Amino acid sequence: MKCLLVLLCGAIAVSAVQLPPTVPVDFNLEDKVLSDIADDVANRLEQEYYTFLKTGVETPAFKQLTTQLANAHTKKDIFTKDLTELETRDSFVVCTLCRSIMRVFMRTIRDEDGELHGENSGAIMKKIAMDVCRRLNLQTEEVCEGLIDAELPTVDYIMRNSEMDSQSFCSLFLTFNFCNTGSNPDYNWSLKIDDKVEAPTSSKGDTPRQSESDIKICQFSDIHHDPLYEPGSLATCDEPMCCQRQKSSTEGTPNAAGYWGDYRDCDLPWHTLESALNHAVKTEKCTYIYQTGDVVDHMVWATSIEKNTGVLSKVSGQIDKVFNVPVYPCIGNHEPHPLNLFSPEGVPNEVSTKWLYEHLYEDWSKWLPKETKETILKGGYYTVSPQKGFRIIAINGNDCYTDNFWLYHSGTDKIPQLEWFHDTLLAAEKNGEHVHVLNHIPSGHGTCWAVWAREYNRCITRFHKTISGIFNGHSHKDELKVHYSNEGHAISVAWNGGAVTPASYKNPNYKVYDVNSETFDVTNHRTYIFHLNEANNKPTEEPNWFLEYEFTKEFTEDLSPAGIDKLLDKFAENPDLMRKYWRFKVTTAEPQITAGCDRFCLADTLCVAAIAVNNQRERCEELMERLYTSLDNEEDDDGSAAALSILSLTSLLAVVFTMRIGF
C-alpha cells in the first residue's frame, strides 16, 4: 500500500489528474483519510489565522495555506450546487474552511479576551469574513459582501446563544460526506408515534388505475422568477447568477442570454412564466394547483424583504389571475431574506422570519381559510380540506435543510412542526380522510437532516394508508422517490415537480397529475416542456410547449408504492429503461443530453429514487449493485466501466495526497 501511495504522489508531478464526478457518501476508509487531512489543515489554518488576528503578522505558512486553498476550489460551484453535488476538491475546501473558520469565530466570541467576545463586534466579524473571502478567492467582492451583510446578524446571534461546537456544526452542515465526524445528543431525538395500528407487513399496492372520473392537479415548482432578467445580457458571469448585466457588450454573442431564458446559471423571465401558466390553463382543466416553493430567484447575495415580498406577491397574483381554481402553495428555501434562514419563535425581531410568514399568509389568504393563519404565522405550514374526504397538509420542510443556520441554534425546536404533522395525520385517519402532503425539500435530499427525515418517514410509515401522495420540489428534476418502512416495505411515493426555471441546465416544465376522485391516489402524470434553444432562436414567437411524456405509457400503469418499487427493479435490470427515465428527469435538455449520463450518473439517479432517509441506503445499494451488473453485461461494454472505476479511485487518492504534501 505504501508503495502505491508513493507512486501516486510521484505521478502527480508529471500529469494532471481529473477528479471523480461525484463525492463518496458512505463513511469508508477514503472518507476517513480525507476527514483527517481536512482536520489537520483546519487546525493549522485556525492557529495561523488566530495568530494573524492577534499580531497582524502573516507568516509564510499562513500565506501558503491560504494560497493553496484558494487554488484548490472552483469559484462558482460552491455557490450554485448543493453540497452533496460538489466535486471532491470543493468538498475538501468547504469542510476545511468550515472547521477552521467556525473555530476562529467561536473562539474569539466565547473566550473572555476574544476579539469578538463583547457586544458590537459585527464590524470585526465582517472584516474577518471579507478577508477570508478575498484571500481564498471564494467569490466576487459584491457577492461576498452581500451575503455577509445579510447573514452575519443571524450567525452572530446563533453562535452567542448556542453551545454548538465547530465539529458538530460542520458535521451537520456537511452531513453526507467525509466531513461528518460528530454526534450531538441534542440532534438525535424521536417523536412519540401513535402505535394503535399494526405496522405494514407488505408494500402498499392498492392504488386504483387511471379512469375518466379522475381529477387533475397541476404542479408548478421552483419558478425562481428573476425581476432583473435582461435578454441579451451576459450569461457567463463570475457571480452565482447571471443574465442581468453587460447587455451592450454581450448582445449578439454566444455569451448573451436568450429571450425565453438560459440554461447557464440564469433564472426565469416574467414572460416565460406567463407563457407556462397560459399554456397550462388552455391545455389542462386543473381542479387544483400545487405550487411547491422557491418563487424567488438565485441572486442570493442581493435579497431584501422588499424585493422578495414583491416577487412573491407578483407571482401569486399572476397564478390567481390565470387560474380560477384553488391554489395550495408551500414554502421554499429561497423565500426568506436572508436566504435559507427560518427562525424559531421567540428570537429578536431583527433576526426573525416572522415578517415572511405574515406576508405569505396575506398572499395565500385568497386561497386558504382563516383557520390556517395560526400555523402559517407560527412556522409557514398549514392544513386544509378542499372537499369532503380529502385533506392537504403543507409543511415547511426547511426545518430539515442543513443550509438553514437556525438548525444549529437548537436541534429540538424542529420537533413541534413534526408533532403537529403527526397529530394532523392522526385526526385525518380518524375522520376517514385521504391526504396529500406538500413539502418543498424532499426528505431524502442530500441537504435534508437525516434525523428529521427519519422521524418524518416514521410518520409517513405510520399513516401510509391515509397518505395518498407526496409532492416535492427543490431538486429542479422531474423525478420520484419511494418511501420505505424500516422493514423495507414500499409505503408511499413522493413526486417531484421539476422546475419552471431553466437554471441548472433544464428545459422549463410543469406537471399534471391524474388523481382518483375517491382515494386521491396518483394514477398517472405527464410533463409539459419546451426546448429552450429552439424557443430562443425564435424570440418573437411563443415557445412550442408540448407533452414530453406520459408516465403510464413510458413506464408502468401501476403507480402504487409497490408498483413503483417494482419499476426500480426494472431500472436496475434494464439500463436502457433507466436511461429513458434519466432523460425525462432532466427534461431532455440539450446540454444534459449532450453531456450524457455514465454508469455513476445512472446509479446515482436510481439511488435517489430509492432513498427517503439519507442514511438508510440498503435498497439503494442493492439496486446499484444490480444495475452495475446489468451495465457490465451490455453487449457494447468494452471494459471502460472498470477502467473508469480504477481511475476514479486513483484520482481521489491522488488529490488527497497532493493536498497532504502541499500542506
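These exercises work through salt bridges and cysteines in a predicted model.

**Exercise 1. Salt bridge across the chain**

Find out which parts of the chain the salt bridge of Arg 135 and Glu 58 links.

*Solution.*
1. Start with the contact. The closest N and O atoms of Arg 135 and Glu 58 are 3.1 Å apart. The cut-off is 4 Å, so the pair counts as a salt bridge.
2. Place each residue. Arg 135 belongs to helix H6, residues 122-135. Glu 58 sits in the loop between helix H2 (29-55) and helix H3 (60-72).
3. Check the spacing. The two residues are 77 residues apart, and the pair links distant parts of the chain.
4. Add the surface. Glu 58 has a relative accessible area of 33%, so it is partly exposed.
5. Set the pair in context. The whole structure holds 40 salt bridges.

**Exercise 2. Salt bridge within a helix**

Work out how Arg 579 and Asp 576 are placed in helix H19.

*Solution.*
1. Take the distance. The closest N and O atoms of Arg 579 and Asp 576 are 2.8 Å apart, and the pair forms a salt bridge.
2. Locate the pair. Both residues lie in helix H19, residues 575-585.
3. Use the spacing. Arg 579 and Asp 576 are three residues apart, so about one helical turn separates them.
4. Compare with the exposure classes. Arg 579 has a relative accessible area of 24%, which means partly exposed. Asp 576 is at 51%; the limit for exposed is over 50%, so Asp 576 is exposed.

**Exercise 3. Buried or partly exposed?**

Classify Glu 621 and Arg 617.

*Solution.*
1. Confirm the contact. Glu 621 and Arg 617 form a salt bridge, with 3.4 Å between the closest N and O atoms.
2. Read Glu 621. Its relative accessible area is 28%, so it is partly exposed.
3. Read Arg 617. Its relative accessibility is 15%; buried means under 20%, so Arg 617 is buried.
4. Now look at a network. Salt bridges with shared partners join Asp 565, Asp 569, Glu 573, Arg 619, Glu 622 and Arg 626.

**Exercise 4. Disulfides**

Describe the links of Cys 98 and Cys 170, Cys 237 and Cys 242, and Cys 597 and Cys 601.

*Solution.*
1. Begin with the count. There are nine disulfides.
2. Take Cys 98 and Cys 170. Their sulfur atoms are 2.1 Å apart. The angle about the S-S bond is -100°, and the link is left-handed. Cys 98 is in helix H5 (residues 88-110) and Cys 170 in helix H8 (residues 166-173), so the disulfide ties together parts 72 residues apart in sequence. Both cysteines are buried.
3. Take Cys 237 and Cys 242. The S to S distance is 2.0 Å. This link is left-handed, at -95°. Cys 237 and Cys 242 are both buried.
4. Take Cys 597 and Cys 601. The S to S distance is 1.9 Å. The torsion is about -100°, so this disulfide is left-handed. Cys 597 is buried at 16%. Cys 601 is partly exposed at 22%.

**Exercise 5. Cysteines without a bond**

Explain why Cys 330 has no bond to Cys 400, then examine Cys 459.

*Solution.*
1. Check Cys 330. The closest cysteine sulfur is in Cys 400, 12 Å from that of Cys 330, so it is too far for a bond.
2. Note its surroundings. Cys 330 is buried, at 2% relative accessibility.
3. Check Cys 459. Its nearest cysteine sulfur, in Cys 448, is 13 Å away, and Cys 459 is in no disulfide.
4. Read its exposure. Cys 459 is buried, with a relative accessible area of 0%.

Definitions and conventions:
Residues are numbered from 1 along each chain as its sequence is written. This is a predicted model: local features need pLDDT of at least 70, side-chain atom pairs count only at pLDDT 80 or more; totals for chains, interfaces and linings use all residues. Side-chain values use heavy atoms; hydrogens and water are left out. A salt bridge is a side-chain nitrogen of Lys or Arg within 4 Å of a carboxyl oxygen of Asp or Glu. Helices (H or I, at least four residues) and strands (E, at least two) are DSSP runs, numbered from the N terminus. Buried means under 20% relative accessible area, exposed over 50%, partly exposed in between (1.4 Å probe, protein chains only). A disulfide is a pair of cysteine sulfur atoms within 2.5 Å.
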